[in-house]
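Morning, everyone. I'll take a few minutes on a structure that is new to most of you. Please have the viewer open.

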Amino acid sequence: TQGAYFRQPLYNDLQKRKVKVRADVTCLFTREELKTLSVAELDERLEEQFTFDNFRWQQENKMVIDEPFRADGLNRLLYKCPHCGTEGKMEGKGIQLTCHQCGVVYELTELGYLKSDSPIFTHVPDWFNWQRQEVRKELEDGTYNLDIPVEIAMMVNYDALYMVGEGRLTHSTQGFRLTGCDGKLDYTQGSLASHCLNADYFWY
């Protein structure tokens with residue numbers, strides 16, 4: 001799909017924008033190719049087709065997004081300040097992303113660029129990828145640690161998400177530990193128990 005991300009990006013408080021959405025259907029493999037191509041060749045073609053940069057696509061296609069709320073919640077993507085290195089002090093509001101630790105301000109332009117007086121990044125995915133490398137460094141030098149208060153919910157059927165209490169979530173190289181619900185919950189999961197994690201900005 002082209003434009004779907006910009007019509008309603010998850011970080012943007014689920015606010016809909018005036019963006020047209022287009023879908024393209026492509027045949028990646030014929031029946032004959034599936035019989036003859038190696039796994040490596042299949043994987044290479046899949047990777048090529050499923051690698052994308054929404055912001056680059058916006059810029060190349062000159063898609064103007066002029067909504068005054070386009071940076072609302074952008075801190076959900078860009079949570080670490082590249083100027084002072086502080087995490088959790090970024091705020092996306094209106095058309096700006098501000099660090100409340102050092103005061104640096106970026107504007108998310110109508111074409112999806114980042115603009116500032118002294119920008120370190122002008123492209124959202126570059127900033128995001130820098131954050132991933134920062135986490136990798138923390139993992140490699142043994143300093144990575146997440147320790148945050150959380151609200152705890154359970155999904156026991158398809159009717160609702162049931163809020164059951166508050167607690168604390170820690171994540172380290174040892175894995176996850178979730179405690180809470182007035183001492184009734186103490187759950188651990190080792191780092192090798194899950195090869196991926198689904199993190200969403202909102203539970204619909």
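I'll go through the pockets, then the sheet, then a few single residues.

One point before the details. This is a predicted model.

Let's start with the pockets. The largest pocket holds about 2500 Å³ of space. Its lining is made up of 44 residues. Which of them sit closest to the centre? Those are Leu146, Leu197, Asn198, Ala199 and Asp200. Now look at the elements around that space. Helix H5, residues 124–141, contributes two or more residues to the lining. So do four strands: S5 (146–154), S6 (162–172), S7 (175–180) and S8 (185–190). Which element gives the most? H5 does, with 8 residues. What about the chemistry of the lining? The count is 27 nonpolar, 7 polar and 10 charged residues.

On to the second largest pocket. Its volume is about 560 Å³. Here 19 residues form the lining. Nearest the centre you will find Thr1, Gln2, Gln49, Phe50 and Phe52. Three helices each give two or more residues to this lining: H1 (4–7), H3 (39–49) and H4 (54–60). By class, the lining splits into 8 nonpolar, 7 polar and 4 charged residues.

Stay with H4 for a moment. Find Arg56, which belongs to that helix. Is Arg56 buried or exposed? Neither label fits: its relative accessibility is 34%, so Arg56 counts as partly exposed. Its side chain reaches the side chain of His123 in a polar contact at 3.4 Å. Now compare sequence and space. Arg56 and Val124 are separated by 68 residues along the chain. Their C-alpha atoms, though, are 9.3 Å apart.

Next, the sheet. Strands in a sheet pair through backbone hydrogen bonds, and the pairing can be parallel or antiparallel. Which one do we have here? This open sheet has 4 strands, in the order S1-S2-S3-S4, and the pairing is antiparallel. S1 (90–93) and S4 (114–115) are the edge strands, each pairing on one side only. Zoom in on S2 and S3. S2 covers residues 96–99 and S3 covers 105–108, with 3 bridges between them. For one of the partners, pick Leu97: its bridge partner in S3 is Tyr106.

Now two residues with a backbone feature worth a look. Asp13 is not a glycine, yet its phi is positive, near 60 degrees. Where is Asp13? In the loop between H1 and helix H2, which spans 31–36. At 34% relative accessibility, Asp13 is classed as partly exposed.

The second one is Lys62. It also is not a glycine, and it has a positive phi of about 50 degrees. You'll see Lys62 in the loop between H4 and S1. Its relative accessibility is 64%, so Lys62 counts as exposed.

Last topic: the cysteines. How many disulfides are there? The count comes to 0, taking sulfur atoms within 2.5 Å as the rule. Take two cysteines to inspect. Cys27 has 59% relative accessibility, so it counts as exposed. Cys181 is buried, because its relative accessible area is 14% and the cut-off is under 20%.

To recap the route: we began at the largest pocket, where H5 gives the most to the lining. We passed through the antiparallel sheet of 4 strands. And we ended on a count of 0 disulfides. Thanks. Over to you.

Definitions and conventions: Residues numbered from 1 in each chain as written. Predicted model: local features only at pLDDT ≥ 70, side-chain atom pairs only at ≥ 80, totals over all residues. Heavy atoms only, no water. 1 Å grid on protein atoms, 1.4 Å probe; cavity = no way out; pocket = protein on both sides within 12 Å on 5 of 7 lines; lining within 4 Å. Points joined across faces, edges and corners; volume = space filled by probe spheres on them. Nonpolar A, V, L, I, M, F, W, Y, C, P; charged D, E, K, R; others polar. Buried < 20%, exposed > 50% of the residue type's maximum accessible area, 1.4 Å probe, protein only. Polar contact = N/O pair within 3.5 Å; in protein donor to acceptor, adjacent residues only side chain to side chain. Pairing = 2+ DSSP bridges.
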